[in-house]
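Hi,

Here is the structure I said I would pass on. Have a look at it first, and then read my notes below.

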Amino acid sequence: MLKLFDLTLKFNGYPIKEAKAELRKIVAQSTTEHQLFIENKKREIVEFHLQNNAFYQQLVGSKTFKSWGDLPILNKQNLQKPLNERLSNGYNSKNTYVNKTSGSSGDPFIFAKDKYCHALTWASYMYRFGWFGIDFNRSIQARFYGIPLDFIGNKKERFKDFLSKRFRFPVFDLSDQALEKVLKKFENTKFDYLNGYTSSLVLFGKFLRKQNLILKEICPTLKVCMVTSEMLFEEDKILLETQFGIPIINEYGASELDLIAFENPEGKWQVNTETLFVEILDDKNNVLPYGQEGRIVITSLFNKAHPFIRYDIGDIGILDAKSTLDKPILKKLIGRTNDVALLPSGKKSPGLTFYYVTKSIIEDDGNVKEFIIKQTKIDAFEIEYVSETELNLEQIQKIKQAIALYLEPNLAFKFTRKNALERSNRGKLKQFTSLLK
């Protein structure tokens, strides 16, 4: 059978065959072999960049290092400079994979990966999707993502979708009328899986619930659904499992790195230890033991074009207490470090706390489709929501009481009903935003 996806990667200079072979070897390692592999790769990548990358030499302040803990934490502000000033010797924008982060952290930047590293990223995706019977060379994907709206960008993305056996449903219009058309496509296409932004898939799930429909009954070939880019709440997972009639798999990744964690067939969020090394650090950059909450800091073990060594991705999470070096489990992803609400009492609270508190109340009757929260002042917040009818005084009072209980009293809230919520230019929905300086 023609492996069109693999051939496309190879044609573009990404050695996917070699990358797949290396990944197979890494996955087959014993626990002892894998621990040695990680330590060797950590040292190799640091030594490479200290010898070949002026940007990283300057950051470290030396061409040598004694211990891993002495290395600086790389943050997104460090990367706010032209890409050509950050590339290693021998690499340029022509012989690397170059892309831009989405900017969901507030600090977008352009990055590069050498072509072998990027091939390993694809091999990593293929390996994990394969856990659920998905083959990128033959499985047909229903893709709920954003898409460039300019003519050339749109056509490029559509061509890539064709080569990758993907049909893309743009997420900028998720009205009932638009979702009726989506449903028609599922009736007439043998999709194998869904993949896309959590919020968009949840809206589709709510639409199906309202219509009293199960997607698997409409499209029997469906096997699985992968959600990405936004938080997946337990109630939403149950909704999707019920309305899609297939397993819902949670992934966590970053375009500048790789898949970071992927839900395995046992339902655990398994961290990628084949191409990445993940640490959890406290505010003083000390490594925290498994089970404790802290900043997620990641090292790309293969990227020679651009250093991502002890890179603070801007997220907060917890590795399960039962984790091991060769098989860490991400117990919880709490949110982004910049999504923190500052309260009048001096208390700091993850913005998603508001979302958790309001979500259970605001969706009790199924009226509210989705909502976002913005902090406008130290004691003032706006909740924008999409619903068929206005929230009533009883619902608003319940929300205020819950927030006073879980956070603190005397916070002011403004509720605004909208026809649609503002999304990023890629179609992502930011669930909490602080507008405080």
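**What I found**

Let me start with helix α8 (residues 198-211), which lies across three strands, β3 (141-144), β5 (193-197) and β6 (224-228), and runs at about 120° to β5. Bear in mind throughout that this is a predicted model.

Those strands belong to an open sheet of 7 strands with mixed pairing, in the order β4-β3-β5-β6-β7-β8-β9. At the edges sit β4 (166-168) and β9 (269-271), each of them paired on one side only. From one strand to the next, the twist averages 25°. As a quick reminder, strands of a sheet pair through backbone hydrogen bonds, either parallel or antiparallel. If you want a spot to look at, try the β9 end: β8 (residues 258-263) and β9 run antiparallel and are joined by 3 bridges. There, Glu263 stands opposite Trp269 of β9.

Back to α8, which also packs against another helix, α10 (residues 234-244). Their axes are 9 Å apart and the angle is about 55°, so α8 and α10 count as oblique to each other. Which hand does the crossing of α8 and α10 have? It is left-handed. On the α8 side, the contact is made by Leu201, Val202, Phe204, Gly205, Lys206, Leu208 and Arg209, and α10 brings Asp236, Leu239, Leu240, Gln243 and Phe244. Sorted by class, the contact of α8 with α10 comes to 7 nonpolar, 2 polar and 3 charged residues.

There is a second helix pair to look at, α2 (residues 16-27) with α5 (residues 115-130). Their axes come within 8 Å and cross at roughly 60°, so α2 and α5 are oblique to each other too. The crossing of α2 and α5 is right-handed. Ile16, Glu18, Ala19, Lys20, Glu22, Leu23 and Val27 of α2 meet a set of α5 residues, namely Tyr116, Ala119, Leu120, Trp122, Ala123, Ser124, Met126 and Tyr127. By class, that contact of α2 with α5 has 11 nonpolar, 1 polar and 3 charged residues.

Stepping back to the whole protein, you will find 12 helices and 19 strands. Its radius of gyration is 22 Å, close to the 22 Å that the globule rule gives for 437 residues, so the protein is as compact as a globular protein of that length. The C-alpha trace spans about 65 × 60 × 45 Å along its principal axes.

Cheers

Definitions and conventions. Residues numbered from 1 in each chain as written. Predicted model: local features only at pLDDT ≥ 70, side-chain atom pairs only at ≥ 80, totals over all residues. Heavy atoms only, no water. Pairing = 2+ DSSP bridges. Helix = DSSP H or I, 4+ residues; strand = E, 2+ residues; numbered from the N terminus. Axes fitted to C-alpha atoms, helices over the stretch in contact; angles between N-to-C directions. Contact = heavy atoms within 4.5 Å. Parallel < 35°, antiparallel > 145°, perpendicular 65-115°, else oblique. Left-handed = near helix turned anticlockwise from the far one by under 90°. Nonpolar A, V, L, I, M, F, W, Y, C, P; charged D, E, K, R; others polar. Rg over C-alpha atoms; globule rule 2.2 N^0.38 Å.
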